Amino acid sequence: MQVTAVRSRLSFDRLGFLLALLASVPAALPLLSATYLQVHDGFAHLFRLVVLDSAMKQGVLFPRWSPELVFGLGYPIFNFYNPLVSYVAQLFHLLGFTYADSLRLLVGLGILGAGVLMYWYLRPVFGAWAALFGAIAYVYVPYHLLNVYVRGSFAEQVCYPLFPLALGLADRAFRDDGAVRLRPAVGLSLVIAALLLAHNPSVLFFSGILVASIAWRWRPHGVRRTAAWASGVGLVFGLAFGLTAFFWLPFLVELPDTWIGTFKGGVEDFYRSLQPLDRLVQWSAVYNYDEVWDTFIAVGTVQAALAMLGACAVPSLRPGARQRAAFGATLALTIALLMMTVSEGFWRSIPIASLMTFPWRLQAGMGLATAIAAAALPAAVGRWAPVPAIGLGAVMVWASLGGLVPNPLALDDAMVSRASATRLDLSGALTGTTSPPQFVPRWVDGPVQKFAQPAPEPAESPAARITAAEAIAFDGWSYRLRLTVAEAGPVHLRTFYFPGWRASIDGAPADLRANGPSGEIAVDLPAGTHELTIAFGETPVRRVGELVSIGSLLALLAAGGVALRGHLTQVVARGALAALTIALLVPRAPAVEAVTRTDVAFGPSLRLLGWKPDYADLDRRGVIRLDLLWLTSGSVGLDVRTRLRLIDQSGQAVAVQDRPPVYGTAPSSRWVASAVVADSYDLPLPNHLPVGSYQLEIGVRPNGGSGWLGTPTVVGSLSVPRSPRLPPPPQPAHPTDYRFGGLAALRGFDLSGVRNGRIPTVTAGDSLRIALHWTALAPIDRDYSTFIHLSDDQYRPVAQQDSFGGFDLRFTSIWEVGRPVRDQYDLVVPRSTPPGRYWLAAGLFDREDEKRLAATTGDGQPLDSAVRLTPIVVTPAGPLPAATSPASGEWRGVGRLTGYDLPGASMAARADCAALGAECDEAIVLHWEATDRPTEDLAVFLHVRDANGRLVLQSDGPPRLGRFPTSVWSPGDRLLDPRPLPGLRRLPPGRYQLVVGWYRPGDGTRLPAGDGDSVVAGDYVVR
């Protein structure tokens, strides 16, 4: 019997892992609501993945410098920003997932992993049911969900499964008997290393939590074992920091060379974010995620309550569980104090506030602490543990998910590219995939957005006079040129200077510097013919960090080999990990595509030195990226645009691109003399273009002007190695032909979320999913905003959604001429929307001046700037109130009258009347129910007649003041119909009849009703 019970318990313990996984699934389900989520930092992570993928495809496995970012001027993103999220997501991308799906998969696995690993950590001490409840309490901490679905702090979220994993390994490495076990200690080093590569603030506070957890369990076992514990802790952390020295050592040493490294303000914001006790908790059962940005993110009420109840249950636990729960309760109290104003003196004495940024970042540790403390509740009730585990777990899920409203984003993978990364920089939403320009080199003067704006006056700078030039090789990390210099002077490279850039002239090292306030690279070149090389590489501190990491990895492998004691499979696995790590750390020269060398002059100041293709996006987006290298003979003085044409053997252009340089973000009026400028264009190819060789023609002309600078010239042959096989573009369910400003055409739209019938119908409170099908008619140089409105007959919107001029990647400036673009929206119809007929309208506008682009039909007929796509009927969100005065009457082919409300008789009717803008104090509200589908718009009349049958007041017109015409009625529709009757309350005392009927507005013909053409609905008595 005892053996059977033990086996049963072990079987349930294993089942607990599955239950923890399943319980975590609802927290991850919103990730499936769309292709991506519109969250604060979502695009930052997305484009870090894009630039990492681009670099790795060029052979750069750890790109400290990203040449695509900040308008092609470059940004040292991975030298400073923790790279773990990007690298793990890149593994999924290499397996075939899209960029967005790779990040969603990473975040989803992080949510599920947090639940499973918290269960694994708590189970040995608290038992299966208590551990399951602790896992639920951990996954559904509101701050965790906030990071995923509001903040988009994926780097912080990735740490959540690592926290319990590290604590569990620490328990196994540092035993209560004073022994130190090597295998879990090795694993703990790897987990701490992963945290160091994931999120700096999380490492900062969790290191303290981890050390406190180990110290909490320490018991005196003599000097020798105490020394072993202390040495073990030091070795674990030492190996972790050594493994990641390749990242954090350059980070610390080179941070002062960035803008954020010289920024002295903002630290006081940390102290201002400390809160009094009454604001530490959000006092509502269901967590409100819309109330978290008033300088502080509060703890959830249910989260705090469960932790306090768990703390109260600590004395009733067995010793091991009591120790663990007491640690969680003590940790929660400590973190709460550190987020309160009472701790300001402590923070000021330990100057790490600038690294923590905000005290509410400690919420991640608070979630860990409250989950540990809460696990004491089921553990305290013994065999009744399933009851609180299930019941309180459901309460926690309800409290955290009940107020969560994810913001889905329909993100076409074709929208995610190096071009959109550059345009995102221009939008101001991000700079180099960070929020402010944190890591812009410190010698760059002023906001970086100015570099994407035309120069107010011609750019001037001392320069060498170059008479002949040749490009040997170039990419974003290195440039090799052969230049003939008539007069010595500086040669400029349109790239920000940063430590790691080196120059050589004829193989000998040369001085390289930042050129004045622009911060761009300059190299002094003597007269004569020279080979100039400018390349980004290592610095001494980066080499030291990489050597330390390699040495630490070898030491870790040696320790792991001892711990494994000949387990061949695990030794091989760790050997593979070592090989991968060393491959990541050892610098590699980028794979350079063959350069087609040219020396073609376009006007007096601009020369094309060479070009090369990049086929990375040929299969995904059907484009070839063309990288061009320009050399200025003097200040260009004007802004140009480049036309690229791919010409077949018959002389016909099969593909055309016509854009300003670097996706429209590098105005040539800012290029100084003797500047080397790397330029990029996406050349869209027709679907199924035959494989073969084509001629590439390049022409340059003034942007916004006429004529050419020089002559468009064929600069070489371009090979199309494989035919683009893009799926056919989806055809709109509802075709249209509207034109906007001669730039774009709206070819149709799709509509879902409606009840289809004669007129699409939606219930107030529900959402409409609309997809607009656009096509660019000409190159668009601005990022216009698209909009969707649900408007009444006077174009007054009751619901609307606009794109944000690029903040949501809807960049009209990168729409390719003739290539369809599907633009999707989820439009929520407010519950307060009065029932009736509305119009779905769309258009384009300039966000800067809010002017809309003029709209026309396909044949040029002018339209309103917001074109109406389709009528939409909105029905009430709930049942209509019953009439206070019943009535009867039926009109065949229309509907029946079910009652009416006199003025002031029904508050619901009065509110509906006011929503329509009617004068409610003198209006009678008729209640209608449709019995058929009228084919025409009819008018209703309400007559007020005195005792002699004379007409004293009347109200004529379409139902609901024209908002709900009969031509959109469907059987079963019910509506309130306010009929304003000015003077109703001023009638002399007496009894009046209310007579109702219908007629055709065109000829006044009344519709039959029973034996007549009207119905006496009831009486109105004036006393």
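Is C913 buried or exposed, and what is its relative accessibility? In this predicted model, C913 has a relative accessibility of 1% and therefore counts as buried, given that the term applies under 20%. C312, by contrast, has a relative accessibility of 62% and counts as exposed, because this value is over 50%. As to bonds between cysteines, the structure holds zero disulfides.

The protein chain comprises 1023 residues, of which 56% count as buried. Its secondary structure consists of 27 helices and 39 strands, and its C-alpha atoms fill a box of roughly 110 × 90 × 55 Å when this is taken along the principal axes. The area exposed by the protein chain is about 41000 Å², with carbon and sulfur atoms supplying 59% of that area. When contacts with a separation of 6 or more are considered, 74% of them in the protein chain are accounted for by residues 24 or more positions apart.

In soluble globular proteins, nonpolar side chains tend to be buried together. The largest nonpolar core of the present model has 238 residues, and those with the most contacts inside it are L46, F163, F206, W501 and L809. Helix α5, which spans residues 99-126, contributes the largest share of this core, namely 14 residues. Another core, of 34 residues, lies apart from the largest one and includes V754, A764, A776 and I872. For F206, once its neighbours within four places in sequence are left aside, the residues in contact are F163, A166, L167, L195 and L368.

One of these partners, L195, also belongs to the buried residues of helix α9. Helix α9 (residues 182-196) has 15 residues and reaches 21 Å from its first C-alpha to its last, which is close to the 21 Å expected at 1.5 Å a residue. This helix is mostly covered, with 12 of its 15 residues buried; among them are P184, G187, S189, V191 and L196. Helix α7 (residues 142-151) is likewise mostly covered, and 10 of its 10 residues are buried. The buried residues of α7 include H144, N147 and R151 as well as L145, L146, V148 and V150. Just after α7, G152 takes a positive phi of about 70 degrees.

Burial is also found in a loop, since V448, at 3% relative accessibility, counts as buried, and the place of V448 is in the loop between α22 (418-427) and β5 (465-474). Not counting residues up to four places away in sequence, V448 touches V70, F71, T431, V440 and F496. The C-alpha atoms of V448 and L73 are 9.6 Å apart in space, although the two residues are 375 residues apart in sequence.

A further buried position is R659, which lies in strand β17 (residues 653-659). At 8% relative accessibility, R659 falls under the 20% cut-off and so counts as buried. The side chain of R659 makes a polar contact of 3.3 Å with the side chain of Q657. Not counting residues up to four places away in sequence, R659 touches R641, T642, Y681, P779, I780, D781, S813, I814, W815 and E816.

Methods:
Residues numbered from 1 in each chain as written. Predicted model: local features only at pLDDT ≥ 70, side-chain atom pairs only at ≥ 80, totals over all residues. Heavy atoms only, no water. Core = buried A, V, L, I, M, F, W, Y, C linked by side-chain atoms within 4.5 Å. Buried < 20%, exposed > 50% of the residue type's maximum accessible area, 1.4 Å probe, protein only. Helix = DSSP H or I, 4+ residues; strand = E, 2+ residues; numbered from the N terminus. Contact = heavy atoms within 4.5 Å. Disulfide = S-S within 2.5 Å. Polar contact = N/O pair within 3.5 Å; in protein donor to acceptor, adjacent residues only side chain to side chain. Expected span 1.5 Å × (residues − 1). Areas by Shrake-Rupley, 256 points an atom, 1.4 Å probe, with all protein chains shown as cover.
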